[in-house]
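Trainee: Hey, have you got a minute to go through a structure with me? I'd like to start with how the chains meet.

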Amino acid sequence: MMRKVFDPMTTRDIVLIALFAALMAVLGIFPPLTVPLIAVPITAQSLGPMLAGGILGAKRGALSMALFLVLVAVGLPLLSGGRGGLGVFAGPTAGFLFGWIVAAAVIGWLTERSWRSLGPVTAFLNCVIGGIVVLYAIGIPALAFIAGIPLWTALSGSAPFLPGDFVKAAVAALVIVALKRSYPLVEARG
Amino acid sequence: MIVGLYRAGNSVLHRMRAGVKLVALALFGTLLLSLPSLWLAASALFLVCLAYAVAGFGLHTLLAQIRPLLIVLAILFAAQIWLADLTAAGLSVARLAALVLAAGLVTLTTRTEDLVGAIHATLSPLERFGVDAGKVSLAISLTLRFIPLVSQVVDEVKEAQAARGSRKPVVTLIVPVIIRLLKSADAIAEAIDARS
């Protein structure tokens with residue numbers, strides 16, 4: 001298992017990682033969708049970790065998110081709303097940004113293990129576990145710590161984003177399953 | 001092409017090496033977060049504002065850095081007053097503002113390629129543990145070239161679908177875009193391998 005993690009990456013792996021980091025940047029350009037019933041805007045960018053993990057698998061998916069964050073850190077305004085630079089990593093949502101790497105890894109790991117029988121429902125559950133449960137479990141405590149507010153305040157402040165995130169998990173699941181049929185890239189494990 | 005957040009200048013801060021600025025920023029953040037004192041946080045905030053002036057940036061640039069955070073700072077201030085007291089509220093707001101402004105200042109005064117260079121220099125000693133700094137640099141430069149490519153493919157697929165008169169849900173836009181990108185990824189990888 002350890003050996004597998006340090007397997008040398010092929011040029012194709014690097015190109016795929018860079019491509020999904022670029023896709024993440026383009027998702028940030030899409031104008032946020034405002035749904036009348038939900039108070040907060042839905043941005044397309046958080047689709048990125050779900051797509052990267054579910055299409056590239058754990059390792060390449062997580063690395064593409066890390067690469068995207070490196071580009072944000074070196075001063076490119078690639079986060080939705082044109083934000084970027086080192087400041088965002090000191091801001092209250094820093095935990096969610098680092099959480100994207102873990103979310104992509106978890107979704108990729110689950111995808112690899114459910115690959116042979118992967119359908120829309122399994123893909124949706126994978127995205128919910130990695131892209132919502134795990135992401136919030138990292139982002140919310142970090143928000144509480146950075147802002148110095150109690151955990152439950154941070155939790156209720158993040159709750160309005162949940163409906164949008166479930167919609168994104170559904171969209172990502174349909175894309176992942178369609179890609180599995182037409183362009184499979186994940187190696188089944190377990 | 002994407003324009004970075006760097007602002008050209010010739011101040012001491014602009015001329016300082018990227019690595020030095022990053023280490024200073026890390027120390028600054030660690031100090032502020034490990035010593036919860038309003039006096040320290042307020043002086044740090046004052047120092048950072050002074051550093052903006054030293055770098056040749058006006059109030060406008062400084063406010064532009066903090067503007068995306070204004071609502072969060074206001075909520076934070078109100079929550080802290082409600083939960084604790086005015087001192088705690090002042091401390092957390094001053095600290096967060098100082099940290100974000102300091103990090104923003106490093107971004108404003110350092111060229112993107114210098115920061116990428118600093119990353120490369122940091123990763124190089126890790127090569128014996130299997131980290132390939134050259135591949136990291138390749139990935140960074142590839143991503144910068146792919147961003148316009150991805151936007152272009154999105155536009156092409158949108159146009160093709162509009163030409164067929166189909167207004168389809170978002171899934172039917174993402175799937176063909178990703179398939180086209182993956183096909184070009186194979187060709188690009190082959191081209192890079194053939195050249196090296």
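Mentor: Sure, and keep in mind that this is a predicted model. Here, 49 residues of chain A are in contact with 54 residues of chain B.

Trainee: Okay, how much area is buried between chain A and chain B?

Mentor: About 4200 Å² is buried between the two chains, and carbon and sulfur atoms give 83% of that.

Trainee: And how many salt bridges are there between chain A and chain B?

Mentor: The count between these two chains is 1 salt bridge. The side chains that meet in it belong to A:Arg12 and B:Asp186, at 2.6 Å from N to O.

Trainee: What about residue pairs in polar contact between the chains?

Mentor: There are 10 such pairs between chain A and chain B, counting those with both residues at pLDDT 80 or more.

Trainee: Which elements of chain A give two or more residues to the side that touches chain B?

Mentor: Those are α2 (11-27), α3 (47-56), α4 (58-73), α6 (120-147) and α8 (162-182) of chain A. The one that gives the most is α2(A), with 13 residues.

Trainee: How do the residues on that side of chain A divide up?

Mentor: On the side of chain A that touches chain B, 39 are nonpolar, 8 are polar and 2 are charged.

Trainee: Let's zoom out. How many salt bridges turn up over all chains?

Mentor: Searching the whole structure finds 7. Take A:Arg12 and B:Asp186 again: A:Arg12 lies in helix α2 of chain A and B:Asp186 in helix α9 (residues 171-195) of chain B, so this pair joins two chains.

Trainee: New topic: how many cavities of 30 Å³ or more does the structure hold?

Mentor: It holds 1. The largest cavity has a volume of about 40 Å³.

Trainee: Which residues line the largest cavity?

Mentor: Its lining is made by A:Ser46, A:Pro49, A:Met50, A:Trp100, A:Gly131, A:Leu135 and A:Asp165. The elements giving two or more residues to that lining are α3 and α6 of chain A.

Trainee: And by class?

Mentor: The lining of the largest cavity has 4 nonpolar, 2 polar and 1 charged residues.

How values were computed:
Residues are numbered from 1 along each chain as its sequence is written. Chains are lettered from A and ligands numbered from 1 in the order in which they are written. This is a predicted model: local features need pLDDT of at least 70, side-chain atom pairs count only at pLDDT 80 or more; totals for chains, interfaces and linings use all residues. Side-chain values use heavy atoms; hydrogens and water are left out. Contact means heavy atoms within 4.5 Å. Buried area is the accessible area (1.4 Å probe) that two parts lose on being put together, summed over both. A salt bridge is a side-chain nitrogen of Lys or Arg within 4 Å of a carboxyl oxygen of Asp or Glu. A polar contact is a pair of N or O atoms within 3.5 Å; within protein, one must be able to donate a hydrogen and the other to accept it, and residues adjacent in sequence count only if both atoms are side-chain atoms. Helices (H or I, at least four residues) and strands (E, at least two) are DSSP runs, numbered from the N terminus. Ala, Val, Leu, Ile, Met, Phe, Trp, Tyr, Cys and Pro count as nonpolar, Asp, Glu, Lys and Arg as charged, and the others, Gly among them, as polar. On a 1 Å grid over the protein atoms alone, a cavity is a set of points where a 1.4 Å probe fits but cannot get out, and a pocket is an open set with protein on both sides within 12 Å along at least five of seven lines; lining residues have an atom within 4 Å of a point. Grid points are joined across faces, edges and corners, and a volume is the space filled by probe spheres set on the points.
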